[in-house]
Each structure stands twice: as structure tokens, then as C-alpha cells.
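Here is a short, relaxed tour of one structure for someone meeting it for the first time. Take a moment to look it over before reading on.

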Amino acid sequence: MSLADTVTLAARNAWALTFGPGVRDHDPAPSTVLWDEPHRRLSRFDGAESDSATAASAVLLVPPLAAPALCFDLRADQSVARFLLETGRSPYLVDYGEITFADRRMGFEHWIDDILPEAILRTSADRGGAPVDLIGWSLGGTLSLLTAAAHPHLPIRSITAIGSPLDYDRMPGVPQLRAVAELTRGDLVASTAVRLAGGVPAPLTRIAYRATAWDRELRRPLFVARNIARTETLARMESVDRFMAAMPGYPGRFYGQLWGRMFLNNDIGRGVVRLGERRIALAEVTAHVLLVGGPDDVITPAAAVEAGAANLTGAASVRYETAPGGHLGILTGDTARDTTWAAIDKFLAELR
């Protein structure tokens, strides 16, 4: 590329980033909506039409709360959904949509007993009754495991949990949070504030996520300056920015349970999650399980993911893999295709 062309491209990118819609439009993978109800929209990615010949390849993508479902399809080369299609599988996606004050009474049970079981059953039905492979990222993996434990009759063949917190004792800052809660009754203060707000609002979740990547935010101006003529590099940056800008919030009751049962009591780390009088034991999971942790993940350290294997004593098999990158990076980063995605491909292929 000539100097003149480089200068022209740099100027175009600078304008697009500053005043325009960005250097690349979001071009989501085409999909067909199969079921559309509040907080449970189920879609099948095009190219995965129901076919009895490939009925065993149904994969349901399970996002976490407080993160948009587009995490599985950021852009063409950052798309778990497209990769699954490329490898001959049939990906489906459940999308919870926006979380508002009206949803403040929704808790873990709504996902474990209703939203995810219905999505799994409908996905299986669309494949002629075939078993379903779940792929959950972050808290989506935790919810997938709890759903399988609570409902052993569901047609679940396997669960892949990527960057999923399965032991909060190994999460950064959690011991300090507990100490503060004990000294200041922070558990009560936090619960009251969240209840009054009806949950954790979307803007706050976005600020919190950016705070975990503060170094990225600080380096952003220099990064843009150095790559102003590299459109694809800037497009990858934009895809992450778009993801963070679309983050929804947490329902009040769900966050209260997350704070009390997970952060303060570490139920999941002990293998049994208590929801009122109910007990959900990870030992009840009978499906094959793949856990993927990121040594560089500052939100859910690899050790907090790997520790879950000790409680999955009833699983048909448990495998643990590591992948480079941050919390989102292990799912859709530059090296994900050769690490996380390759591990998923191998794991699912061996189940046939």
C-alpha cells in the first residue's frame, strides 16, 4: 500500500471512529427465531436446519446474565456460532434480552427450572428428539451445570463451561469482600441497595466490566493511534466495545442470591447450591463435561474453573483445558479458534 493510500485509509478510519458508525458494521450470523417469549428467545442459526441425518449435533449456546447473547457471535472471525456451523454442527442460541425493574423478582430458579429447560427441550425437539450439547460462557456455564443437576431427565449429552466461576474462594477479592461484609454488615447494605433499585442496572454492569479491563481502557488512545490504518484490528476492538455497550443488568433477586449464596457462602465451591429449602448438588450432573479456564482471566481465574471438577463426581467424564486471553478473550479472542474452539471441537467429536 502506498503512503497516499495509507494516509487516506487512516483518515477514513479516524472519521469513522470519531463521527461515523465505526469502521465495520455488525454483521450477525443469519438465524431463524423458533420461540420468542420474554427472556427466552430461542434462535437456530441458518445452515442448521432440522435434518435427521445430523440430529446428534444440536448445540445450545447459553450466555450469562449481565452480558449480551452476541458474545457468541461478535463478528465473522469472532463467532463461536459460525465455527460450529463450519464444523458440521447445529448451533442454537437462547437470548434473555433486556432486564428491567419489572424483572426484579426473577432469581436463579427462573433460569434453572424454566428458561433453560424449555430452551433445551425445544432445541431437542427441533432435532427430532436428539440430545443437546450445552456451551455456556461465564455464569452461563454455571447455570447450565445447575440446570443439568436439578433436572436429570433433560436430554443433555454434554456441557462445556468456559470461564465459569465454580469456586468463589478462588475468585480475586472475594475474601476481602467477605471480611468487609462481616465488619460492616455489607451483605445487608448491598442487598438493600439492589432491592431498592430492582437489581443491578445495565450502566453499572458496563462500568464494572470496564473496570476489570482498566489497562485496556488506558491504552486505548495509543492502540488506536498505532493501528489507525489497520481496519481489521480496529474492527476487532469495535466488536468488544459493542459487546460492552450492550450489557444488560441483573434482576434484584438473582443478584441477591448470587451475592449471598455464591460470593459470601461459596455454595458452588462446596458442591451444593442452596435456594431456600432446596439443595442442588453438582454431583447430580451425569453428562460429559468440559471446563475451560484462562490463566490470564482476571474475572474468573483458571483455578476457580478447574476446582469445579472435584464436585462433578457423577459426570460421565470431566475434562479441563486452559486457553490464553482474558475473560472474553478465551471465548472469542485472537487465539480462541486454535485453543478453546479446538478443544470444544475435539470434545464433541469424541462423544459421537
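What follows walks through a helix, its neighbour, some aromatic pairs and one leucine. Keep in mind that this is a predicted model.

**Two helices crossing**

Let's start with helix α3, which covers residues 108-126. Two packed helices are described by the angle between their axes and the distance between the axes. How do the axes of α3 and α4 cross? Helix α4 spans residues 139-150, and its axis comes within 9 Å of the axis of α3, with a crossing angle of roughly 80°. Angles from 65 to 115 degrees count as roughly perpendicular, so that is the label for α3 against α4.

Who makes the contact? On the α3 side you'll find F108, W111, I112, L116, P117 and I120, and on the α4 side L143, S144, L146, T147 and A150. Sorted by character, the residues of this contact come out as nine nonpolar, two polar and no charged.

**Rings meeting rings**

Now for the aromatics. Searching the whole structure turns up eight aromatic pairs. Two of them, F83 with W341 and Y96 with W111, are set out here.

| Pair | Centre to centre | Angle between planes | Type |
|---|---|---|---|
| F83 and W341 | 5.3 Å | 40° | tilted |
| Y96 and W111 | 5.6 Å | 90° | edge-to-face |

The F83 and W341 pair links distant parts of the chain: F83 belongs to helix α2 (residues 80-86) and W341 to helix α14 (residues 340-349), 258 residues apart. Are F83 and W341 buried or exposed? Both are buried.

The other pair brings us back to α3. W111 is in that helix, while Y96 lies in the loop between β4 (90-95) and α3, so their pairing ties together parts that are 15 residues apart in sequence. Y96 and W111 are both buried too. They also belong to one aromatic cluster, together with F108, Y250, F254 and Y255. Two members of that cluster, F108 and W111, appear again among the α3 residues in the contact with α4.

**A leucine on α3**

Finally, have a look at L121, which also sits in α3. Why does L121 count as partly exposed? Its relative accessibility is 39%, and partly exposed covers the range between under 20% (buried) and over 50% (exposed). If you set aside neighbours within four places in sequence, L121 is in contact with L154 and P155. You can also check its spacing to V132, eleven residues apart from L121 along the chain: their C-alpha atoms are separated by 8.6 Å.

Technical notes
Residues are numbered from 1 along each chain as its sequence is written. This is a predicted model: local features need pLDDT of at least 70, side-chain atom pairs count only at pLDDT 80 or more; totals for chains, interfaces and linings use all residues. Side-chain values use heavy atoms; hydrogens and water are left out. Helices (H or I, at least four residues) and strands (E, at least two) are DSSP runs, numbered from the N terminus. Buried means under 20% relative accessible area, exposed over 50%, partly exposed in between (1.4 Å probe, protein chains only). Contact means heavy atoms within 4.5 Å. Rings of Phe, Tyr and Trp (its six-membered ring) pair if their centres lie within 6.5 Å; planes under 30 degrees apart count as stacked, over 60 as edge-to-face and the rest as tilted. Axes are lines fitted to C-alpha atoms, for helices over the stretch in contact, and angles run from 0 to 180 degrees between N-to-C directions. Angles under 35 degrees count as roughly parallel, over 145 as roughly antiparallel, 65 to 115 as roughly perpendicular and the rest as oblique. Ala, Val, Leu, Ile, Met, Phe, Trp, Tyr, Cys and Pro count as nonpolar, Asp, Glu, Lys and Arg as charged, and the others, Gly among them, as polar.
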